[in-house]
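Here are a few exercises to help you find your way around a new structure. Try each task yourself, then follow the solution step by step.

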Amino acid sequence: MNISTKIKYKEENDMETIKNVWFADGRIFLRTTTNKVYSRPLEAFPVLKDADDIERNNYEIGVLGDDIHWEKLDEDIHISSFYDHTEPDYDNEIARIFNCFPQLNVSEVARSMGINKSLLSKYIYGIKKPSEARKQQIKAALHELGKELLAV
């Protein structure tokens with residue numbers, strides 16, 4: 001199926017596509033061609049949360065109208081991501097650890113664990129819940145950092 005056939009299929013089947021996107025009050029909003037408005041907290045998309053206004057507003061809606069792409073940020077978000085209604089939960093164990101030690105560099109902790117910074121950020125923001133094994137892995141990485149600091 002070529003792109004024009006896919007677009008025609010979406011139109012004929014009244015499938016929602018993205019009409020426009022905007023940012024306000026720490027959230028990303030989108031309006032669909034069916035005039036529905038969806039929003040998500042920027043915490044759900046840590047790359048966008050860390051970006052400035054100019055970077056956030058430099059996006060393109062995909063040819064099929066079902067995704068948004070930020071070339072310079074190397075970020076892509078599908079319309080289905082807006083169907084999730086999870087809000088940040090700052091009162092979680094991982095957030096409390098990082099709040100107690102603001103000098104921790106999330107990127108470096110994630111790198112030391114071999115996970116993506118965005119995933120660790122989602123754990124910190126409470127958008128995603130880590131498994132018990134993942135919590136232990138995060139704590140082990142922090143304990144290892146502590147050992148390295150003690151050796152100084």
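**Exercise 1.** In this predicted model, find how many bridges join β5 to β6, and work out how the whole sheet is ordered.

*Solution.*
- Step 1. Begin with β5 and β6: they run antiparallel and are joined by four bridges. One pair to look for is Ile68 with its bridge partner in β6, Ile77.
- Step 2. Now turn to the other neighbour of β5, which covers residues 67-70. Strands β4 and β5 are also antiparallel, with two bridges between them. Here Ile61 stands opposite Ile68, and Glu60 has His69 as its bridge partner.
- Step 3. Put the strands together. The three make an open sheet in the order β4-β5-β6, with antiparallel pairing. Since each pairs on one side only, β4 (60-61) and β6 (75-78) are the edge strands.

**Exercise 2.** Locate the residues with a positive phi in the two hairpins of this sheet.

*Solution.*
- Step 1. Look between β4 and β5, where five residues separate the strands of the hairpin. Gly65 in this turn has a positive phi of about 75°.
- Step 2. Move on to the hairpin of β5 and β6, with four residues between its strands. There, Asp74 takes a positive phi near 55°.

**Exercise 3.** Sort the side chains of β5 by the face they point to, and say which are buried.

*Solution.*
- Step 1. Follow β5 and watch the side chains alternate.
- Step 2. Ile68 and Trp70 share one face and are buried. Asp67 and His69 point to the other face and are not buried.

**Exercise 4.** Find the salt bridge partner of Glu87, and say which parts of the chain the pair links.

*Solution.*
- Step 1. Recall the idea behind the search: side chains of opposite charge can pair when their charged atoms come close.
- Step 2. The whole structure holds ten salt bridges. In one of them, the side chain of Glu87 meets that of Arg27, at 3.0 Å from N to O.
- Step 3. Place both residues on the chain. Glu87 is in the loop between β6 and α4 (93-100), while Arg27 is in strand β2 (residues 27-32), so the pair links distant parts of the chain, 60 residues apart.
- Step 4. Check the accessibility of Glu87: its relative value is 38%, so Glu87 counts as partly exposed.

**Exercise 5.** Trace the salt bridges of Lys135 and name the network to which Lys135 belongs.

*Solution.*
- Step 1. Lys135 and Glu93 meet in a salt bridge of 3.7 Å, N to O. This pair links distant parts of the chain, with Lys135 in helix α7 and Glu93 in helix α4, 42 residues apart.
- Step 2. Lys135 also forms a salt bridge with Glu132, where the closest N and O atoms are 3.4 Å apart. Both of these residues lie in helix α7, three residues apart, which is about one turn of the helix.
- Step 3. Shared partners join these bridges into one network of Glu93, Glu132, Lys135 and Lys139.
- Step 4. Compare the relative accessible areas. Lys135 is buried because its value, 18%, falls under 20%. Glu93, at 28%, is partly exposed, and Glu132, at 53%, is exposed.

**Exercise 6.** Find the nonpolar surface patch that includes Leu145, and say whether Leu145 is buried, partly exposed or exposed.

*Solution.*
- Step 1. Leu145 is found in helix α7 (residues 132-150).
- Step 2. Together with Leu149 and Val152, Leu145 forms a nonpolar patch on the surface, with about 320 Å² of accessible area in total.
- Step 3. The relative accessibility of Leu145 is 31%, so Leu145 counts as partly exposed.

Conventions: Residues numbered from 1 in each chain as written. Predicted model: local features only at pLDDT ≥ 70, side-chain atom pairs only at ≥ 80, totals over all residues. Heavy atoms only, no water. Patch = residues over 30% accessible without salt bridge, like charges linked within 9 Å, V, L, I, M, F, W, Y side chains within 5 Å. Areas by Shrake-Rupley, 256 points an atom, 1.4 Å probe, with all protein chains shown as cover. Salt bridge = Lys/Arg side-chain N within 4 Å of Asp/Glu carboxyl O. Buried < 20%, exposed > 50% of the residue type's maximum accessible area, 1.4 Å probe, protein only. Pairing = 2+ DSSP bridges.
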